[in-house]
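Work through the following exercises with the model open beside you, and try each task before reading its solution.

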Amino acid sequence: MVGRQGSADLPQRKGIVRMAHVEFLDETMRDGQQSLWGLRMQAGMALPVSPLIDKTGFKIIDLTGGGMLDVLTRYCKENYWEGLDLLVESMPNTPVRAGLRANANVTFGITPKALMDLWVRRLCAHGVRSFWIYDVLLGTDNMLRLAKVAKEANAQVAGAIMFALSPVHTDQYFVDKAKILAADPNVDSILLYDTAGVLERERLKTLVPALKKIANGKPIEMHSNNLLGMSAKAYLDAIEFGVSVIHTASRPMANGPSVPSTEIMAKNVLLKGHTHNLDESLFKPVADHFEAVGKAAGFLVNQYAEYDVFSIEHQIPGGMMGTFKAQLAMHKMMDRLGDVLDEVAAVRRELGYPGMATPFSQLVGIQAVLNVVTGKRYGTIPDEVIQYAAGFYGETVAPVDANVLDQIMSAPRAKEVLANPPQEPTLEDLKKEYGTEDLDELIYRATVPQADLDNMRAAGPIKRTYPLLSTPELEQVRKLMQLTDTACIELRTEELKVSLRQ
């Protein structure tokens, strides 16, 4: 089977053999908007075209994660559960996926197991039918517990192998962890997840076949954030070695810190002699919509990245670079950005090479900024770094540097932090603590300050469309409305609805 639109016109090059059927997982509304829009995609920004994404032929649509509940509620004043329901209902043909960090829900800290299990069950109740579950330290016990909870609702589960470059992140290290995941009947696929976009052909050539060998026939997925501009090529190499599912996003929401575009990968897959199921005629209306919304909202669209060798040293996720710049600007130290990046690489090495994904990319990054801004390395140590060094997040990949560990454990806050390890209340305990039997409300109260919940509810119901107020064409329409004394006008196309009011 080939792409439904346009693929028949592609030249059949001499020597090309159709080798694999490639399935696509859409990341437009999850990793795309997380990487480029800072999780601020409100439901109305996607609802006009989510039915088109649903009809495109994706294997799965990745839609949500814990961080979105926090950001949408606190900063966008939008009810997360209502928005999720609207989006899920708009896409009845394709399984919707949620991401789970195995030991935390919304915060960078550690979430009680009972609350994590409830989070999975409530997502299932709201229509989520696929999960990708990860632990940057690859603590498989928590991952498999959540996989079992998801399976109770017949959801599919991808067990994520969070790739990182370091002397300890060898092929054997990843294979040993993947073997545990693949052997579990509640795990349906293995997801090779490259947050820094550093996987190249030479490493894929050894790692992917090794993963495939122990996967018990389960599919291998790949996700690669295109920070170095190498991920589209890496996908093609990975397909050659056994990956059958790739993660992409609509072009305006792709590339840079996001994943490669669906448009280029659909083309590349066919040119390499592979096949796919995507309806390419739906690419443009979806892309046009997100480009218009992104520009109107002042968000990033249409990104690209240059190859920067130093990125391989610090492996900072793209979304963190803006945070670094903001922190340094606050201290009038923008000229020290290079020093911060050097310090990130050093701190990561000293902390035992944690993978640079949430929460450890933030922990390493914040510690590096503090070291540079204060002028004293490990003079100020956040509680989360103490918790990490003490093993609260799980066993570190490599031992923390002995001298640094001494500094951390002698920090002023260390004694109090160590005396208060994470608690494990039961669900009944949580209901009593937060004073509610409503399970969605329980998750809200346990993770978001009450003042932010009150502000969200005071903002009123969810808006099902996003006003594209910044386009010149709509400004002309508004002027005509004023001249004709028209109070409201609604513009409709097949893919987009915009309401304007004076």
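Helices (H or I, at least four residues) and strands (E, at least two) are DSSP runs, numbered from the N terminus. The model is a predicted one, in which local features need pLDDT of at least 70 and side-chain atom pairs count only at pLDDT 80 or more, while totals for chains, interfaces and linings use all residues. Residues are numbered from 1 along each chain as its sequence is written, and side-chain values use heavy atoms, with hydrogens and water left out.

**Exercise 1.** Place Glu240 in its helix and decide whether Glu240 is buried, partly exposed or exposed.

Solution. Begin with the secondary structure, where Glu240 belongs to helix α10. Next, take the relative accessible area, for which buried means under 20%, exposed over 50% and partly exposed in between (1.4 Å probe, protein chains only). Glu240 has a value of 46%, and is therefore partly exposed. Finally, compare sequence with space: Glu240 and Met19 lie 221 residues apart in sequence, yet their C-alpha atoms are 8.2 Å apart.

**Exercise 2.** Describe how helix α9 packs with helix α10.

Solution. Start with the axes, which are lines fitted to C-alpha atoms, for helices over the stretch in contact, with angles running from 0 to 180 degrees between N-to-C directions. Helix α9 (residues 201-214) and helix α10 (residues 231-241) have axes 9 Å apart, at an angle of about 40°. Angles under 35 degrees count as roughly parallel, over 145 as roughly antiparallel, 65 to 115 as roughly perpendicular and the rest as oblique, and α9 is therefore oblique to α10. Then list the residues in contact (heavy atoms within 4.5 Å): α9 contributes Arg201, Leu204, Lys205, Val208, Pro209 and Lys212, while α10 contributes Lys233, Ala234, Asp237, Ala238, Glu240 and Phe241.

**Exercise 3.** Carry out the same analysis for helix α7 and helix α8.

Solution. Helix α7 (residues 140-151) and helix α8 (residues 171-182) pack at about 25°, with their axes 10 Å apart. The angle makes α7 roughly parallel to α8. At the contact, Thr140, Met143 and Leu144 of α7 meet Lys177, Ile180 and Leu181 of α8.

**Exercise 4.** Which residues have the most contacts inside the largest nonpolar core, and which helix gives the most to this core?

Solution. A nonpolar core is a set of buried Ala, Val, Leu, Ile, Met, Phe, Trp, Tyr and Cys residues joined through side-chain atoms within 4.5 Å. The largest such core has 145 residues, and those with the most contacts inside it are Trp37, Tyr80, Leu123, Phe131 and Phe290. Helix α6 (residues 113-125) gives the most to this core, with 8 residues. Leaving aside neighbours within four places in sequence, Leu123 touches Thr64, Tyr80, Trp81, Leu84, Ala98, Leu100, Val128 and Phe131.
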